[in-house]
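Biologist: I am new to this structure. Please take me through the terms used for it, and say what each one rests on.

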2 protein chains.
Amino acid sequence: MFDKQFSKIAIIGAGNVATHLGLALLKAGQQIHCIYNRDEERGRALASLFGARYINDLTLLNQHDLIILAVSDDAISVIANKLKKSSALVVHTSGTIPLSSLSVIGMNVGIFYPLQTFSKQHAVDFNTIPICVYSTTEEYCQSLFSLASKLSNSVHIINDDQRRKIHIAAVLVNNFSNYLYIKAFDFLSENNLPVQLIKPLIVETALKINDIPPFEAQTGPAKRGDMDTIAKHLDLIKNDKELNELYKMITDRILSMYHSGTTIKS
Amino acid sequence: MFDKQFSKIAIIGAGNVATHLGLALLKAGQQIHCIYNRDEERGRALASLFGARYINDLTLLNQHDLIILAVSDDAISVIANKLKKSSALVVHTSGTIPLSSLSVIGMNVGIFYPLQTFSKQHAVDFNTIPICVYSTTEEYCQSLFSLASKLSNSVHIINDDQRRKIHIAAVLVNNFSNYLYIKAFDFLSENNLPVQLIKPLIVETALKINDIPPFEAQTGPAKRGDMDTIAKHLDLIKNDKELNELYKMITDRILSMYHSGTTIKS
């Protein structure tokens with residue numbers, strides 16, 4: 001089996017993905033050789049944290065064997081154009097951008113997409129984070145799979161089409177769920193009730209899916225077909241058009257999932 | 001301070017709330033004296049677990065000082081009518097049913113609402129679960145507050161109006177989030193992708209709210225105003241009318257929250 005060891009790794013970017021991924025690589029015994037970042041202060045800070053060199057010139061990256069683009073989606077093609085002559089394997093970490101966005105570089109390109117939400121204030125256990133890898137050649141796929149396996153127990157070879165679909169699922173459970181948290185926090189605050197009240201429920205709702213498929217874990221008035229409680233809730237939020245519309249839409253969908261034919265739509 | 005100690009507690013019901021609440025009471029050093037349940041087998045099983053007596057006749061409950069109705073919302077008024085002559089403090093555990101539903105019993109009624117989702121398959125740490133208590137008299141409020149404080153660090157005196165509003169917030173973060181999990185699981189399964197991929201993301205998204213307010217934790221294409229990714233996602237799910245409509249609605253709302261005036265609506 002072809003299994004390239006990466007001894008000189010560079011990371012482009014100094015945001016949350018660069019930070020968490022870099023830390024995971026260090027923990028796995030990999031060295032980060034250098035960090036490139038437009039903002040020098042942040043780049044130097046991260047390089048210092050990693051015991052790496054900070055560079056502000058992408059042409060200095062030609063001695064590396066793996067270059068990880070941990071940058072925003074918009075910046076990927078811009079940087080790819082500057083890395084045209086790279087002999088390193090160049091990978092990006094995006095959930096949506098196709099592998100072809102790196103094709104100006106050549107065949108030595110790939111994807112290294114950790115499927116998780118990263119934030120400065122919250123440490124994550126990389127070991128449990130699914131990493132989706134892909135590349136133009138089977139050999140590079142194997143190398144990336146092998147590297148990812150040093151960081152995580154959940155590594156998957158996932159092509160562009162699959163990765164985009166996974167990203168849609170990720171938007172549903174992360175972006176959209178978080179939107180519901182915002183609405184709930186706002187609703188409680190507007191009614192002078194402490195948001196602390198629902199925090200344990202948010203966490204438990206999420207933890208449940210580790211033990212119970214969500215279709216079985218569903219509870220609440222819509223699941224029960226409890227039209228009386230639904231009517232009372234809608235009455236309580238009748239002056240909040242936005243919340244009312246949201247409540248109706250999702251409630252109708254849960255009703256139709258568990259009580260086919262039952263609806264609150266007039 | 002008036003602080004009635006409850007030495008003879010009865011629980012009506014043998015479902016998830018009865019089970020978890022009963023276990024928490026036992027752990028706090030309270031004894032469960034008896035269990036009433038329509039289904040004898042389940043009632044006897046729970047009574048046995050609690051070292052309690054199983055009864056199938058509600059008139060036997062008149063020697064108790066606290067009767068906890070851990071039954072479905074529909075059953076509360078039915079049972080209240082049968083407990084008319086009770087001298088015990090009778091409380092229910094519902095998020096929506098008003099205290100007045102127990103008023104046939106007299107002034108000795110209250111609410112003991114643990115704000116959490118309970119399931120057989122998943123143990124919960126009752127210590128962190130908010131408990132909302134209420135009663136007709138200040139003395140009973142104090143007694144229930146005191147009892148709840150033995151089980152949890154988060155006890156709140158919450159009236160009917162407040163409790164109904166909290167329940168709406170709970171529906172948003174529990175029922176509606178879980179619905180999103182169902183949709184994401186279904187979408188992955190339909191595309192032959194493993195649901196395991198998004199489980200860590202679901203958990204991390206929820207855990208984040210302990211450190212970061214959800215308004216700040218928001219990420220994703222809509223938060224970034226990334227109309228290109230949004231268009232690609234909508235194209236990928238164009239044949240799934242239901243998912244498409246859901247995606248548009250929530251995305252539009254996140255767009256308007258962070259990018260006022262930006263919309264995907266035609």
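Modeller: This is a predicted model. One term comes first: a nonpolar core is a set of buried Ala, Val, Leu, Ile, Met, Phe, Trp, Tyr and Cys residues joined through side-chain atoms within 4.5 Å. The largest such core here has 125 residues. Those with the most contacts inside it are Ile12(A), Leu69(A), Leu83(A) and Leu83(B).

Biologist: Which residues does Leu83(A) touch, not counting residues up to four places away in sequence?

Modeller: Leu83(A) touches Ile12(A), Leu58(A), Leu61(A), Ile67(A), Leu69(A), Val90(A) and Ile105(A).

Biologist: What makes the relation of chain A to chain B that of a two-fold axis?

Modeller: A turn of 180° with a shift of 0.0 Å along the axis lays chain A on chain B, with an RMSD of 0.0 Å. That turn without a shift is the relation of a two-fold axis. In chain A, the C-alpha nearest the axis belongs to Ser177(A), at 2.6 Å. Both copies use the same surface, as 100% of the contact residues of chain A recur in chain B.

Biologist: Why is H6(A) called roughly antiparallel to H6(B)?

Modeller: The axes of helix H6 (residues 199-208) of chain A and helix H6 (residues 199-208) of chain B cross at roughly 170°. Angles over 145 degrees count as roughly antiparallel, so H6(A) is roughly antiparallel to H6(B). The two axes come within 8 Å. On H6(A) the contact is made by Ile202(A), Val203(A), Ala206(A) and Leu207(A), and on H6(B) by Ile202(B), Val203(B), Ala206(B) and Leu207(B).

Biologist: Why are S3 and S8 of chain B called edge strands?

Modeller: They belong to an open sheet of eight strands with mixed pairing, in the order S3-S2-S1-S4-S5-S6-S7-S8 (chain B). Strand S3 (53-55) and strand S8 (155-157) each pair on one side only.

Biologist: How do you know that S2(B) and S3(B) pair?

Modeller: Pairing needs at least two bridges, and strand S2 (residues 32-36) of chain B shares three with S3(B), in the parallel sense. The bridge partner of Cys34(B) in S3(B) is Arg53(B).

Biologist: Is Lys120(A) buried or exposed, and how do you know?

Modeller: Its relative accessible area is 62%. Exposed means over 50%, so Lys120(A) is exposed. Lys120(A) lies in the loop between strand S6 (109-114) and strand S7 (131-135) of chain A. Leaving aside neighbours within four places in sequence, Lys120(A) is in contact with Asn16(A) and Arg42(A).

Definitions and conventions
Residues are numbered from 1 along each chain as its sequence is written. Chains are lettered from A and ligands numbered from 1 in the order in which they are written. This is a predicted model: local features need pLDDT of at least 70, side-chain atom pairs count only at pLDDT 80 or more; totals for chains, interfaces and linings use all residues. Side-chain values use heavy atoms; hydrogens and water are left out. Buried means under 20% relative accessible area, exposed over 50%, partly exposed in between (1.4 Å probe, protein chains only). Contact means heavy atoms within 4.5 Å. Copies are superposed by least squares on the C-alpha atoms of residues with pLDDT of at least 70 in both. Helices (H or I, at least four residues) and strands (E, at least two) are DSSP runs, numbered from the N terminus. Axes are lines fitted to C-alpha atoms, for helices over the stretch in contact, and angles run from 0 to 180 degrees between N-to-C directions. Angles under 35 degrees count as roughly parallel, over 145 as roughly antiparallel, 65 to 115 as roughly perpendicular and the rest as oblique.
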